[in-house]
Amino acid sequence: MPGEIRQSTIAAISTPPGHGAIGMVRLSGPASLSVLTKLVRNSSSAPLELQPNRASVQILTNPDSGLLIDEAVVIWFKGPHSFTGEDVVEITCHGSPVVLADILRHSINLGAELAEPGEFTLRAFLNNRLDLAQAEAINDLIHSQTTYQARLAARQLRGELSRQLDPLKQAIIELIVHFESTVEFVEDDLDPLDLVQHSLRLDQTIAGIDRLVASYQLGRTVRAGVKMALVGLPNVGKSSVFNALLGRDRAIVTSLPGTTRDTLDDETSINGLPVNLVDTAGIRDTVDPIEQLGVERSRSAMTDADFVIAVTESTTELRDEERSLLSDIPFTILVINKCDLGPVQHLERLAALAAGRPVITISALTGEGIDQLRESIHQAVIHPGIRFDESAIVTNERHYQALVMAIDQLKQARDDLHSGFTEEIALNNLHHALRSLGVVTGETLLGDIINQIFSTFCIGK
Ligand SMILES: Nc1nc2c(ncn2[C@@H]2O[C@H](COP(=O)(O)OP(=O)(O)O)[C@@H](O)[C@H]2O)c(=O)[nH]1
Ligand SMILES: [Mg+2]
């Protein structure tokens, strides 16, 4: 049950289903060690003596029949110095689903209960081993599909988001403390100079949270990925670039213009970013009804895409139709392909058409420039204007909502002060804002505030 620690001992298979080299059963709770002790065959009559945090090889047997189960490496983490804060036992055996199920079944028979999904982490949170944002980061890390996603989650797991929030919370707490004392003691009325100072403080705090909020657009991109379409005239090598970026021959490549009839897409990771790459039919006027449909699809793929990469080739003349296409389509990067065939003929004119957007010269055939293209794509997605510190990227919708709410409440508090309302009214909104920030990390802040308020009082007051 969320919000409440069961006093029970929980057990679960912690490795994925299926056969593997190794598999693990994990237990957490007061009876963990005694369950393990009963599973370990003890040849001598002396009780099993395990050192905390030390791995040891043990023979596991069926506690009823004494029949061999497996040889396992076991570790006992003595609470509170464990992931959950409770006694934790990890039994790493051979990765057979049958063996794992057997160990789990015996653990249940010996008094453990089946763990609910996420219950180990829930216990860690309730025992203050990590905050809510960190707990969520564990889930993100486990489900990450690209290195970039994983890195952001790993940073959040190390408490980076919480660390970013700390000074912002502190600023609000100080304002609350100040207003609480003016409310308490009528003689310490808020003077106009204070008002300026407090407004400034509020503005700085709002700006700090706003930066986190702004990073969410990128955070969402990192989480959900981007759709990127390769567009250009027939035969310039779009399908070849598509294959080169995917790292496999997914699309058919021929020397015949009009080979790609339909759009084709596939998932890939570009420098750690999840990208849905779309190959399209070359855009040209054609009488072939099938190709016409393909061209229509290319145009709608362009509309659907978050980013368009225009592809052209280095050696042919810059044709009118290409010039009008490049002026027409909203591309982010211009790729000049087939650089292996010789120097780019009309670089200045292409650069002019790119109008400041990156122009990357590559050969899909030899692979030249592909790394640079990847980097350019990465930059286009990651830094469209603002550069974000990786440690301050919000990836989670819940955090985003809480932060937006905190900003609203702080703005309200600022307006209250300016409209000459009493501090009590502003205080109310400050408390709300603090609670909203606390929502991100899942803490109860009331005790904190009370302690801080009293710590500013003189002795005897
Ligand atoms: N020399 C050279 N030929 C290429 C390169 N990329 C593609 N081609 C050739 O150009 C032709 C058209 O390629 P394709 O990828 O099907 O172009 P698309 O119609 O734009 O998809 C094929 O014969 C490819 O082998 C390249 O970088 N260098
Ligand atoms: Mg093609």
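In the predicted model, D87 is located in the loop that runs between β4 (68-77) and β5 (88-95). This residue is buried yet takes part in no salt bridge. The nearest side chain of opposite charge belongs to K78, at 5.7 Å. Because a salt bridge is counted within 4 Å, the D87 and K78 side chains do not qualify at 5.7 Å. Leaving aside residues up to four places away in sequence, D87 touches L27, S28, G29 and S32, and also W76, F77, K78 and G79.

The loop between β4 and β5 also holds P80. A cis peptide bond, with omega of about 5°, joins G79 to P80. In general, most peptide bonds are trans. G79 thus appears both in the cis bond with P80 and among the residues touched by D87.

The protein as a whole has 461 residues, of which 47% count as buried. Its secondary structure consists of 16 helices and 12 strands. Of the contacts between residues at least 6 apart in sequence, 66% join residues at least 24 apart. The accessible surface amounts to about 23100 Å², and carbon and sulfur atoms account for 54% of that area.

The magnesium ion (ligand 2) is coordinated by two side-chain oxygens, OG of S239 and OG1 of T260, at 2.0 to 2.1 Å. S239 belongs to helix α9 (residues 238-246), whereas T260 is in the loop between α9 and β8 (264-270), so the pair ties together parts that are 21 residues apart in sequence. Both residues fall under the 20% limit for burial: S239 has a relative accessibility of 9%, and T260 has a relative accessible area of 13%.

The count of aromatic pairs comes to 1. The pair is formed by Y216 and Y400, whose ring centres are 4.2 Å apart and whose planes make an angle of 20°. The arrangement is classed as stacked because the angle between the planes is under 30 degrees. Y216 lies in helix α8 (residues 216-224) and Y400 in helix α14 (residues 397-418), so the contact links parts of the chain that are 184 residues apart in sequence. The two partners fall into separate accessibility classes: Y216 is buried, with a relative accessible area of 4%, while Y400 is partly exposed, at 24% relative accessibility.

Within α8, the buried residues are Y216, L218, G219, T221 and V222. The helix is followed by G225, which has a positive phi near 90°.

Positive phi values also occur at residues other than glycine. In general, most such residues have a negative phi. N128 has a positive phi of about 60° and is placed in the loop between α3 (119-126) and α4 (132-143). The relative accessible area of N128 is 71%, and the residue is therefore classed as exposed. For K338, phi is again positive, near 70°. K338 is found in the loop between β11 (333-337) and α12 (347-354).

Key: Residues are numbered from 1 along each chain as its sequence is written. Chains are lettered from A and ligands numbered from 1 in the order in which they are written. This is a predicted model: local features need pLDDT of at least 70, side-chain atom pairs count only at pLDDT 80 or more; totals for chains, interfaces and linings use all residues. Side-chain values use heavy atoms; hydrogens and water are left out. Helices (H or I, at least four residues) and strands (E, at least two) are DSSP runs, numbered from the N terminus. Buried means under 20% relative accessible area, exposed over 50%, partly exposed in between (1.4 Å probe, protein chains only). Contact means heavy atoms within 4.5 Å. Accessible areas come from the Shrake-Rupley method with a 1.4 Å probe; for residues, only the protein chains shown count as cover. Lys and Arg count as positive and Asp and Glu as negative; His and the chain ends are not counted. Donors are N, O and S atoms within 2.8 Å of the metal (3.2 Å for Na, K and Ca); water is not among the atoms, so sites may look incomplete. Rings of Phe, Tyr and Trp (its six-membered ring) pair if their centres lie within 6.5 Å; planes under 30 degrees apart count as stacked, over 60 as edge-to-face and the rest as tilted.
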